[in-house]
Amino acid sequence: MQGCYDCCMRCLGGVPYCSLIATLLCFSGIALFCGCGHQALTETERLIETYFARNLQDYITLAYIIQYFQYVIYGLASFFFLYCIVLLAEGFYTTSAAKQTFGEFRSTMCGRCLSSSFIVMTYLLAVLWLLVFAFSALPVYFFYNMDATCHTIDVLTETPASINQLCVDARQYGLLPWNAVPGKACGMTLSNVCKTREYQITYDLYIAAFAGAGITLLALVHCSLHLAVYQVYLKMLRHRAKEERRSFDLYRRTHRDRGGTLCSPYATNTFSIS
């Protein structure tokens, strides 16, 4: 029973918890962003087609752009799926807990180069994803303004003249060309759009996609910081090992000159870093 407990403790001690947390955050964030973003784009095309444009030529460019972004989402989902697997594998390979559990703590030049390359790649991904995070806030901003306008219309229901002056123009946001008809929704028409199921679902999907982008950014920052701290820790261990070897060489030369018996002042299980 005690042997089973010790084995479980050794296995749990070898789990890279920081990398595991970053992997789970990245998986959940990218799944939320890609899934909700893809569906939100589809619902957006349906809203524009139904309420803001009557001619196919007015929103055909938007339809192509939406289709292009959906293909980009497919690529992002595939890339980050592989990246999360590599992230977890890197965590198992470089974690000090696993090294101390399954053998002496060693680090090769190849391993250090791989870890440094992974840190640089993760940092660049975090910078690029920061742009994606900012870009994903744009549709949330559009629907937030639309929702605020609809709320104002509901408050001013008793004054129809004022209501008709409240509009949301999709052309101002670059969604439609300026010659699109009608291109905008005003008054009670806009209020009815905000009450539709399609509008509510699309708004919620964009919020979820924005949250997923934020979670993914958090995972990338967490991973890059963890790997950077680990490299600093590894550098300290290498410096400590060199100091101990230098002290041991000095101790050995001193006893050799005195004709004494060599006896190391350090523990026999000292780790080594090459």
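The protein chain contains 8 helices and 2 strands. The model is predicted. Along the sequence, the elements run α-α-α-α-α-α-β-β-α-α. The two strands thus follow six helices and precede two others. Of the 274 residues in the protein chain, 35% are buried. Contacts were also examined by sequence separation. Among those with a separation of 6 or more, 78% link residues 24 or more positions apart. The exposed surface of the chain is about 16300 Å². Carbon and sulfur atoms supply 65% of that surface.

The largest pocket holds about 740 Å³ of space. Its lining comprises 24 residues, and those closest to the centre are Leu41, Phe69, Phe135, Pro139 and Tyr206. Four helices each supply at least two residues of this lining: helix 2 (17-52), helix 3 (56-94), helix 5 (109-155) and helix 8 (197-258). Helix 5 gives the most, with 8 residues. The chemical character of the pocket lining is mainly nonpolar, with 20 nonpolar residues against 4 polar ones. No charged residue takes part in the pocket lining.

The model also has an enclosed space. The count comes to 1 cavity of 30 Å³ or more. The volume of the largest cavity is about 50 Å³. Its lining is formed by Thr44, Leu47, Ile48, Phe52, Phe142, Phe143, Met146 and Leu175. Helix 2 and helix 5 are the elements that give two or more residues to this lining. Helix 2 gives the most to the cavity lining, with 4 residues. By class, the cavity lining has 7 nonpolar residues and 1 polar residue. Charged residues are absent from the cavity lining. Helix 2 and helix 5 therefore recur, a point that rests on the cut-off of two or more residues used for the cavity and of at least two used for the pocket.

Two charged residues of helix 2 were examined further. Glu43 is found in helix 2, and so is Arg46. Glu43 has a relative accessibility of 9% and counts as buried, because the cut-off for burial is under 20%. Arg46, at 38% relative accessibility, counts as partly exposed, because this value lies between the 20% and 50% limits. The side chains of Glu43 and Arg46 are joined by a polar contact of 2.9 Å. This contact therefore pairs a buried residue, Glu43, with a partly exposed one, Arg46.

Both residues also relate to parts of the chain distant in sequence. Leaving aside residues up to four places away in sequence, Glu43 touches Glu198, Thr202 and Leu205. Helix 8 spans residues 197-258, and these three partners of Glu43 carry numbers within that range. Arg46 and Tyr199 lie 153 residues apart in sequence. In space, the C-alpha atoms of Arg46 and Tyr199 are 9.7 Å apart.

One peptide bond merits separate mention. Most peptide bonds are trans. The bond that joins Val181 and Pro182 is cis. Omega for this bond is about -5 degrees. Pro182 is placed in the loop between strand 1 (167-169) and strand 2 (184-186).

Notes:
Residues are numbered from 1 along each chain as its sequence is written. This is a predicted model: local features need pLDDT of at least 70, side-chain atom pairs count only at pLDDT 80 or more; totals for chains, interfaces and linings use all residues. Side-chain values use heavy atoms; hydrogens and water are left out. Buried means under 20% relative accessible area, exposed over 50%, partly exposed in between (1.4 Å probe, protein chains only). Contact means heavy atoms within 4.5 Å. Accessible areas come from the Shrake-Rupley method with a 1.4 Å probe; for residues, only the protein chains shown count as cover. On a 1 Å grid over the protein atoms alone, a cavity is a set of points where a 1.4 Å probe fits but cannot get out, and a pocket is an open set with protein on both sides within 12 Å along at least five of seven lines; lining residues have an atom within 4 Å of a point. Grid points are joined across faces, edges and corners, and a volume is the space filled by probe spheres set on the points. Ala, Val, Leu, Ile, Met, Phe, Trp, Tyr, Cys and Pro count as nonpolar, Asp, Glu, Lys and Arg as charged, and the others, Gly among them, as polar. A polar contact is a pair of N or O atoms within 3.5 Å; within protein, one must be able to donate a hydrogen and the other to accept it, and residues adjacent in sequence count only if both atoms are side-chain atoms.
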